[in-house]
Every structure is written in C-alpha cells, then in structure tokens.
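Here is a short report for a reader new to this structure. The topic is how its strands pair and what packs on them.

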Amino acid sequence: MAIKYPAQWAIGMMSGTSLDGVDAALIRTNGQEVLEFGPYITVPFNDELFGQLHEAVHGRGDMMKVERDLTTLHADAVKQLLKETNMKPREIGIIGFHGQTVMHRPKEGITWQIGNGAQLAAQTRIDVVCDFRRRDVAAGGQGAPLVPLYHAALVKNMSLPIAILNIGGVANVTWVGRSE
C-alpha cells in the first residue's frame with residue numbers, strides 16, 4: 001500500500017536537451033495525486049551559459065563552473081516563480097531538481113547530470129531531491145523514473161487502460177493499466 005503524505009506544494013525543475021532554458025512548475029500533491037496545477041515559467045539561458053552547456057554536453061569545458069552557473073539559474077527561476085505567485089520558500093515542501101544531462105548511455109549503465117542539489121537548497125532555502133536518473137539506470141531502467149509516476153498520477157481518475165506519449169528530447173510511452 002502506498003503512503004499518502006499531507007498535500008504540499010512542490011516545484012519541478014527541468015533543463016532539457018533543447019538547451020533553451022530552465023523550466024520550473026508548481027504542483028500541489030500528496031505524493032500520489034496531482035491535486036492542483038500551479039503556474040510555471042521558463043527562464044532562458046543567456047548566450048554564455050548556452051555556450052558552456054553546449055561544450056559540456058560534448059565533454060568539454062569547465063564542468064564545475066557550468067554546474068555552478070546552471071544551478072544558480074535554477075535558483076533564480078525558483079525565486080522568480082515564487083515572486084510571481086507571492087509565495088514564500090516555507091510554503092514549498094520540496095523541489096525536484098533534474099539537472100542537465102551531459103551524458104546518457106543507459107544500456108551501458110552510464111548517465112551523468114550536472115546540477116548541485118545542495119547549492120540549490122542553500123540558495124532557495126527549500127529542500128531539494130535530485131539525481132533521479134542514476135538510481136534508475138543502476139536498477140536497469142532508462143533513466144526517466146519520474147515520468148511514469150507523474151503520468152499515473154495524472155490519469156488516476158480516468159478510464160484505464162491509457163497510453164501517454166511524451167515527446168521531449170527522447171520520446172517515451174507510459175502505459176497505465178487497470179489496477180484490479
């Protein structure tokens with residue numbers, strides 16, 4: 001039986017393979033269901049960070065500096081989202097921080113995302129969970145462990161079975177069957 005937690009606001013963060021910027025979205029959840037969708041924003045990369053990230057995904061450049069700068073932009077996105085919603089850090093239960101993938105070869109058991117969860121927590125004063133892909137790949141997955149969980153929460157009250165096509169940097173399909 002799944003544990004239900006008290007409802008809380010969470011911020012999901014993503015910077016994807018398109019290298020266009022940082023996405024931050026608010027949802028209210030109890031850990032099993034999406035109870036409310038909040039606002040979202042995209043903060044674009046400036047030319048310097050875009051160049052640093054482009055180098056990083058090709059295995060070049062100062063990875064520590066780009067990780068620091070990327071994490072700072074994520075913190076800036078959180079602060080901007082909170083400002084736009086008149087929310088305070090204490091009203092947010094958790095930040096889900098994906099980071100930026102710089103290498104992903106799950107068939108070889110290799111995946112690497114840059115982004116410093118401790119830095120993000122310090123800069124936002126909100127607890128952060130991060131490094132999702134490594135655990136999933138280590139367990140034999142493809143490195144997208146949150147996608148099927150989120151999809152299952154989205155369709156919880158819909159007629160099942162249902163398939164969801166997620167088209168991102170890499171497309172994937174989530175199949176949610178009946179629970180009986």
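## Strand pairing in the sheet

Ala10 stands opposite Ile94 in β4. The model shown here is predicted. That facing pair belongs to a wider pattern: β1 and β4 pair in the parallel sense, over five bridges.

Strands of a sheet pair through backbone hydrogen bonds, and the pairing is either parallel or antiparallel. What is the strand order in this sheet, and is it open or closed? The sheet is open and has five strands, in the order β3-β2-β1-β4-β7. Its pairing is mixed. Two strands stand at the edges: β3 (34–44) and β7 (128–130). Each has a single partner strand, so one side of each is left without a neighbour in the sheet. Neighbouring strands are turned by 20° against each other on average, with direction ignored.

Three of the pairings can be set side by side.

| Strands | Sense | Bridges | Facing residues |
|---|---|---|---|
| β1 and β2 | antiparallel | seven bridges | Gly12 and Ala25 |
| β1 and β4 | parallel | five bridges | Ala10 and Ile94 |
| β4 and β7 | parallel | three bridges | Ile95 and Val128 |

Strand β1 covers residues 8–14, and β2 covers residues 21–29. Gly12 has its bridge partner, Ala25, in β2. At β7, Val128 stands opposite Ile95.

A helix joins the picture. Which strands does helix α2 touch? Helix α2 (residues 63–85) packs on the sheet and touches β1, β2, β3 and β4 (92–97). The direction of α2 makes about 125° with that of β3.

Note on methods: Residues numbered from 1 in each chain as written. Predicted model: local features only at pLDDT ≥ 70, side-chain atom pairs only at ≥ 80, totals over all residues. Heavy atoms only, no water. Pairing = 2+ DSSP bridges. Helix = DSSP H or I, 4+ residues; strand = E, 2+ residues; numbered from the N terminus. Axes fitted to C-alpha atoms, helices over the stretch in contact; angles between N-to-C directions. Contact = heavy atoms within 4.5 Å.
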